[in-house]
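Open the model in your viewer and keep the selection box ready. We will go stop by stop.

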Amino acid sequence: MEKGKTATPSMKEYIQENKERFFEELFSLLRIPSVSAQKEHLPDMGKCAQRLKELLLESGADKSEVYPTDGNPVVYAEKKSGIPGAKTILVYGHYDVQPPEPLDKWNSDPFEPEIHDGAIWGRGANDDKGQSFMHLKALEYLVKTEQLKHNMKFIFEGEEEVGSASLPKWVEEHKNLLKCDVILVSDTTMISDKVPSINCGMRGVTYLQVDVTGPNKDLHSGHYGGAVANPINALCDMISSLIDKDGRVTIPGFYDDVVELSKEDRAALSRAPYDEKEYKEFLGVDALRGEKGYTSLERVGIRPCLDVCGIWGGYTAQGAKTVLPSTAHAKISMRIVPNQDAKKIVELAAKHIESIAPAYVKVKVQKLEAGNGFLIPITSKAYKAASKAMEEVYGIEPVPSRGGGSICVLADMRNILGADPLLMGFGLERDTIHSPNESYLLRQFFAGMESLVLFHKYYD
């Protein structure tokens, strides 16, 4: 080192020097209740978008703008490396969060973040404000240490938790602005902080609401019970018929486009550590259930499924009310795997549910959401750079995995922009995203920033 020159700090050292500031900046986002599912939080969506814009500029972006959409605003930013022929990385994330309810299950205020027990606690701590924030600090470090060798673009949306309805249109209208070589995403979980993983694919999702109507009003269950069909009973019968004794969905044509993985591919996925006893204890269940012939990891990664996400009807308040209800309702989701077409599955499901409706009730099916899954090649330069970066941080080569969740808009962005997503997520199942007491381990938060910086180093 030349006399008088200061050594460039590593990202680990930079984090230690600046972590208190990092926490306060992140907390300024976490305190904003940007709940996209609840209309009363519409002003908070704009407030959160503006705060993100400020943080992007403070982190070194050349420019940042908040763009209106048909729904919640999109935050865009860019930083040019100044290097001729440099690759362009587009970072995708979202600033909207899940509703915090049930509030009585939280150990602290969901929108007043805390640090204790080695983790950040609060709604959005992981999903996805905490994970998105890592990219801002990676940018800051690379700019301040003059190590940025790629052009950087950022896009943060406010509707991921409600289906990203407005984003594909906005991306299509701004595809020249968003042109890139890879879409870098941190919005997923890894298998373990001891055995890291990189998602090479995610399931898609479809969502329906089924409304069943019987009599034209609620009836006295003593005067009419046994003579008039109960819509709740009818709905339960219909739902129970949608999955057979082997855990397979019974909708005709549901599996027509599902690609069976080879023995080699299944063996590669099985490298992931899995302890069934520990899995059950974590979930508080005595037994597992799913499609026959597949492991639990395969069931949530490479196989489609159907689940009832909500069901209601009749009287559910305290005490008794002997009523035969007029209506019953259910919300049903189907996670689909790459090669299945979401719109096709929605149509098949709606048609089947209507066809099995008994004559003594009326059934209406509302099609609420349909998004496709995707796969990415693990032979790409971006995947290899991510793998090398994470191996350097964790001391072990990451396992390629399949994500059971869905970020359906990434399939749309891939088609529009012609660039593959790269899923470098650092969350863990213990973080309980979408549930009360969401958290994000500090060691994952820091390891994520270190890994992202190294990804920029190794991606050519």
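Which residues in α2 meet K129, F133 and L136 in α3? Select C48, L52, L55 and L56 in α2. This is a predicted model, so every stop below describes a prediction.

**Stop 1: α2 and α3**

Show α2 as residues 42–58. Add α3, residues 129–144. The α2 and α3 axes lie 10 Å apart, at an angle of about 25 degrees. That angle is under 35 degrees, so α2 counts as roughly parallel to α3. Their crossing is right-handed. Now colour the contact of α2 with α3 by class: six residues are nonpolar, none is polar and one is charged.

**Stop 2: an aromatic pair**

Stay on F133 and add F22. The model has 15 aromatic pairs by the ring-centre rule. In the pair of F22 and F133, the ring centres are 6.4 Å apart and the planes stand at 75 degrees, so the pair is edge-to-face. Zoom out to see the link between distant parts of the chain: F22 sits in α1 (residues 11–30), F133 in α3, and 111 residues separate them.

**Stop 3: the open sheet**

Select the four strands β11, β13, β9 and β14, in that order across the sheet. The sheet is open and its pairing is antiparallel. At the edges are β11 (305–313) and β14 (362–371), each paired on one side only. Ignoring direction, neighbouring strands are turned by 15 degrees against each other on average.

Pick out β9, residues 204–213. Nine bridges join β9 to β14 in the antiparallel sense. For one residue to click on, take V210: its bridge partner in β14 is V365.

**Stop 4: helices across the sheet**

Add α6, residues 231–240. Helix α6 lies across β9, β11, β13 (327–336) and β14, and runs at about 15 degrees to β13. Then add α10, residues 342–355. Helix α10 lies across β9, β13 and β14, at about 170 degrees to β14.

**Stop 5: α11 and α13**

Finish with α11 (residues 381–394) and α13 (residues 442–458). Their axes come within 8 Å and cross at roughly 135 degrees. That makes α11 oblique to α13. The crossing is right-handed.

Show side chains at the contact. Those from α11 include A382, A385, K388, M390 and Y394. From α13, select among others Q444, E450, L454, F455 and Y458. By class, the contact of α11 with α13 holds eleven nonpolar, two polar and three charged residues.

How values were computed:
Residues are numbered from 1 along each chain as its sequence is written. This is a predicted model: local features need pLDDT of at least 70, side-chain atom pairs count only at pLDDT 80 or more; totals for chains, interfaces and linings use all residues. Side-chain values use heavy atoms; hydrogens and water are left out. Axes are lines fitted to C-alpha atoms, for helices over the stretch in contact, and angles run from 0 to 180 degrees between N-to-C directions. Helices (H or I, at least four residues) and strands (E, at least two) are DSSP runs, numbered from the N terminus. Angles under 35 degrees count as roughly parallel, over 145 as roughly antiparallel, 65 to 115 as roughly perpendicular and the rest as oblique. A crossing is left-handed if the near helix is turned anticlockwise from the far one by less than a right angle, and right-handed if clockwise. Contact means heavy atoms within 4.5 Å. Ala, Val, Leu, Ile, Met, Phe, Trp, Tyr, Cys and Pro count as nonpolar, Asp, Glu, Lys and Arg as charged, and the others, Gly among them, as polar. Two strands pair if DSSP finds at least two bridges between them. Rings of Phe, Tyr and Trp (its six-membered ring) pair if their centres lie within 6.5 Å; planes under 30 degrees apart count as stacked, over 60 as edge-to-face and the rest as tilted.
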